[in-house]
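Reader: I have a structure to look at and do not know how to read it. Could you take me through some of its features?

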Amino acid sequence: MHNPLIEIKNVSKAFDGFSILKNVCFSVYSGEFLTLLGPSGCGKTTLLRLISGFETPDSGDILIEGKPTAHVPPQNRNLHTVFQSYALFPHLSVFENVAFALVCKKTPPTEINTRVHEVLALMRLEPYAERNIKQLSGGQQQRVAIARAIINRPQILLLDEPLSSLDYRLRQSMQYELKQLQKKLNITFIFVTHDQDEALSLSDRIVVFNQGEIEQIGTPREIYETPNNLHVATFIGETNIFDATVSHCDEENLYTVIDGIDIQCKRCNDFKTDDKLHLIVRPEDIRVQNVSEVSDTRGKLPGKIIDIVYKGTTVDLKVELSSGTIINASEFFNEDDDELEFSLNEPVWAHWLKGWEVLLPYEK
Amino acid sequence: MKNKSLSIKLLYTWFLCFAFIPLLLIVVTSFLSKDAVHLVKLPFTLNNYAVLFTPLFMKIFIRSLLISTITTLVCLLLAYPFSYILIKSKIKTHLLLMIMIPFWTSSLVRTYALLSLLKGNGILNTLLIKIHFITNPLNLLYTNFAVISGLVYSLFPFMVLPIFNNMERFDFKIMEAARDLGAGPLDIFFRVFLPNTKKGIISGCILVFLPAMTLFYIPNILGGARSFMIGNLIQSEFLEMSDWPQGSATSIGLILIVLIFVYFVRFRGKKQ
Amino acid sequence: MKSKIQRLYLFIIYFLLYFPILILVIFSVNKTKYSLVWHGFSSQWYQVLLNDVEIWSAFFNSAVLGITASCIATGLGLLGCMHLFIHPHKKFRSLRNLLLLLIIIPDIVLGISLLVFFNVTNLPLGFVSLLIAHITFCLPFVILTIESRLQTLDPNLYFCALDLGASQMAALSKIFLPLLWPAILSAALLSFTISFDDVVTSYFVSGSDFSILPLTIYSLVRSGVTPELNALCTITLIISIIPILIVHKLTRKKT
């Protein structure tokens with residue numbers, strides 16, 4: 001890997017005695033779209049403020065291009081922030097807002113004019129150049145905030161939940177626009193969100209945060225398919241969690257017991273006989289079959305259907321297993337397949353393909 | 001950020017120096033003894049507080065309480081309907097401005113204006129005599145009536161503003177909903193409107209009662225010996241009799257009464 | 001019918017409020033000294049005032065005191081408010097408690113406590129003692145006024161300005177001054193008015209060589225009603241009303 005653009009080294013921060021960030025370490029590479037993902041209050045915004053220089057870490061360092069930033073004020077860092085509330089200057093027009101960074105640098109007026117119009121055109125804001133901020137819609141304001149931040153051609157753009165106040169449709173289209181923009185301008189994006197769908201669809205890599213600590217860093221696929229722990233597994237996407245015990249292992253397989261039934265899993269060197277573990281299966285990986293269609297019931301869990309939700313592309317089932325555990329299964333429709341006829345209280349068998357489960361160490 | 005945390009330190013020091021410490025000094029002084037030359041001298045004593053319970057002082061305290069309470073009630077009774085009418089009016093900002101103007105002008109000047117109105121050969125008496133309503137001029141000045149009038153006249157806007165602000169936030173659709181559900185006008189008033197404006201009433205009462213107890217120049221100008229109130233007492237103890245310890249004790253007594261009043265009003269308000 | 005009674009009620013109250021003031025103003029321009037009958041318009045009493053050196057020096061002193069106290073209180077209050085604004089996550093509990101204390105203290109208690117304080121610290125009573133007292137009671141007011149305007153603003157505006165390359169000074173002058181100036185001016189004007197009209201606190205902390213207008217008026221009032229006093233009071237009223245009208249124009253909510 002080439003050298004990282006930003007290095008966060010053992011950074012900790014506390015406010016009023018409350019620890020917000022605990023010993024955070026990771027790197028950001030040039031040109032990537034990195035997302036900081038986590039629930040509200042887990043420290044993502046604080047980390048962003050540390051990177052941009054509005055706060056200083058209590059311990060640890062932040063290096064940008066290899067140089068420590070401890071005494072570099074925000075004005076001198078080659079990065080800009082797009083705030084969640086947009087923070088547009090209410091008394092200035094769209095043009096003046098976007099031009100602000102250039103005005104601070106004392107750029108000559110002719111150059112300001114050309115560059116502002118260039119960026120306004122890029123963000124499709126040309127017709128609104130002279131308008132007052134308050135007259136714009138949420139989506140337009142957001143684009144002004146982005147325009148204002150990119151006009152200086154920063155190396156890094158920090159975005160603090162920029163899409164959270166937009167409605168669903170607008171959000172989807174803005175997500176696409178942001179991704180395109182990032183690729184076009186080749187700016188490194190550090191994107192903060194609590195929405196896991198957004199994180200999965202936009203990012204090159206995701207850093208999953210929980211209560212000030214990093215739980216996992218990886219590509220969206222890695223995070224989704226091979227979560228490190230229960231928190232990451234449950235935060236991203238839907239999951240079914242089974243408590244299981246390892247009964248024995250051989251070269252190919254690892255055998256667990258769930259609710260008294262032997263389940264065959266793919267071999268995993270982290271676990272040995274008699275270990276307790278969590279077995280995670282995503283709803284879309286669970287296959288539910290009517291009793292009549294199943295001949296061999298080995299490795300399958302018995303239960304009955306307690307809820308059916310038709311969702312257009314899928315049908316989501318809630319199955320109550322004999323042991324009382326309730327699992328969610330999501331079956332995709334296939335017109336040729338008439339196996340997807342279910343009725344309430346119907347007895348069924350649930351199982352998944354060996355290897356599609358994720359085994360995690362047991363946590364209380 | 002350095003020059004700005006300086007401002008916080010400055011503010012903090014200022015308040016500490018010129019508000020908190022002086023207050024502490026008063027508390028300390030209240031336990032000291034009077035000295036002719038140096039104003040205070042050492043033997044700590046509770047005498048100053050004991051004096052507060054003598055009949056003479058108690059009389060003044062009770063009189064002050066009575067006058068302040070009556071003032072507060074009169075202000076409330078006048079200001080409440082006034083605010084209500086104001087809220088409903090189309091020109092309420094202008095009407096509010098016309099209340100704000102006396103609020104911000106010197107209440108000393110306004111008290112003086114009232115003086116010239118109420119005195120023996122003043123406008124009021126002259127008018128009343130001219131229309132043969134009375135034959136001899138009324139002795140309005142130097143009475144408790146005059147003092148109360150003066151206090152109400154000065155403090156009326158203080159009652160209006162919090163009540164007005166509170167009523168402005170009231171959602172009148174609630175009244176419509178109540179009417180829909182069959183409540184009569186008296187019911188609506190006592191069970192819907194009044195409880196929701198309680199906050200404003202409490203604020204207004206506190207804002208009137210406090211100054212009513214402490215404004216010494218109004219009883220001084222409009223009242224006489226019979227209207228001698230706590231404010232006058234403190235003023236006299238400090239400046240005329242130079243009895244600082246006694247003056248301090250009286251002030252602490254005043255603060256305690258005020259705190260009790262505020263607590264009482266707030267507590268009763270919260271109970272409902 | 002109902003609205004007629006309501007209007008009548010309003011009218012009575014406003015009449016009662018303004019009538020004494022009106023009489024005062026009218027009799028400041030009445031030609032005669034003792035009668036209550038209108039003898040014609042005259043500005044003689046204002047001319048008498050003009051010649052009264054004592055009153056003019058008291059007036060001048062009050063004006064200087066008011067302007068100085070207002071400027072210092074507004075400046076200090078503004079900087080403090082900005083700092084509080086920029087650090088929304090810090091609580092500043094002790095500062096706020098002290099502020100609350102100051103608001104709760106009745107002005108007579110402030111007056112006597114400062115008197116004791118000045119005595120203990122050997123500060124002579126005069127301009128400085130008055131200035132300190134006036135700044136002290138103006139500060140909470142300035143802070144409240146400016147804070148209530150700041151609360152409508154996004155704290156991120158400051159960080160955003162810095163983020164985009166502005167220095168701290170530039171952020172204040174380019175972003176906050178344009179947004180705050182009505183509130184700052186209001187705070188300053190109203191501080192001036194409070195200071196100019198203050199009687200109770202000033203009564204205890206003023207010395208014999210620095211006379212201020214309200215106390216001069218107070219001693220004159222004790223001697224009785226005179227047309228010169230009416231004229232003086234009228235002038236005082238006008239001086240108080242002008243800032244209020246300006247502030248009203250400034251703080252009118254823009255749609």
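**Reading the chains**

Author: Of the 272 residues of chain B, 40% count as buried. Keep in mind that this is a predicted model.

Reader: What does a residue need to count as buried?

Author: A residue is buried if 20 or more other C-beta atoms lie within 10 Å of its own. By that rule, 40% of the 272 residues of chain B are buried.

Reader: Which secondary structure elements does chain B have, and how many of each?

Author: Chain B has 13 helices and two strands. Its C-alpha trace spans about 70 × 70 × 40 Å along the principal axes.

Reader: How many of the contacts in chain B link residues 24 or more positions apart?

Author: Take the contacts in chain B with a separation of 6 or more: 72% of them are between residues 24 or more positions apart.

Reader: Now the interfaces. How is the size of one given?

Author: Often as the accessible area lost when the parts come together. Here we can count residues instead: 53 residues of chain C are in contact with 57 residues of chain B.

Reader: Which element gives the largest share of the chain C side?

Author: Helix α5 of chain C, residues 107-120, with eleven residues on the side that touches chain B. Sorted by class, that side of chain C holds 41 nonpolar, ten polar and two charged residues.

Reader: Next, chain A. Into which domains is it divided?

Author: Domain 1 covers 6-235, while domain 2 is made of two pieces, 240-290 and 300-361. The centres of the two domains of chain A, taken over C-alpha atoms, are 39 Å apart.

Reader: How many residues does each domain of chain A bring to the contact?

Author: Domain 1 of chain A brings five residues and domain 2 of chain A brings four. On the domain 1 side, three are nonpolar, two are polar and none is charged.

Reader: How do I read a sheet? Start with the order of the strands.

Author: List the strands as they lie side by side, then look at the pairing. One open sheet of chain A has five strands in the order β15-β19-β16-β17-β18, with antiparallel pairing.

Reader: Which are the edge strands?

Author: In chain A they are β15 (287-290) and β18 (326-332), each of which pairs on one side only. On average, neighbouring strands of this sheet are turned by 45° against each other, direction ignored.

Reader: How many bridges join β16 to β19 in chain A?

Author: Four bridges join β16 (residues 301-310) and β19 (residues 347-351) of chain A, and the two strands run antiparallel. For a single position, find Leu301(A): Ala350(A) in β19(A) stands opposite.

Note on methods. Residues are numbered from 1 along each chain as its sequence is written. Chains are lettered from A and ligands numbered from 1 in the order in which they are written. This is a predicted model: local features need pLDDT of at least 70, side-chain atom pairs count only at pLDDT 80 or more; totals for chains, interfaces and linings use all residues. Two residues are in contact if their C-beta atoms, placed from the backbone, lie within 7 Å. Ala, Val, Leu, Ile, Met, Phe, Trp, Tyr, Cys and Pro count as nonpolar, Asp, Glu, Lys and Arg as charged, and the others, Gly among them, as polar. Domain bounds come from an automatic or database domain assignment. Two strands pair if DSSP finds at least two bridges between them. Axes are lines fitted to C-alpha atoms, for helices over the stretch in contact, and angles run from 0 to 180 degrees between N-to-C directions. A residue is buried if 20 or more other C-beta atoms lie within 10 Å of its own, exposed if 12 or fewer, and partly exposed in between; C-beta atoms are placed from the backbone.
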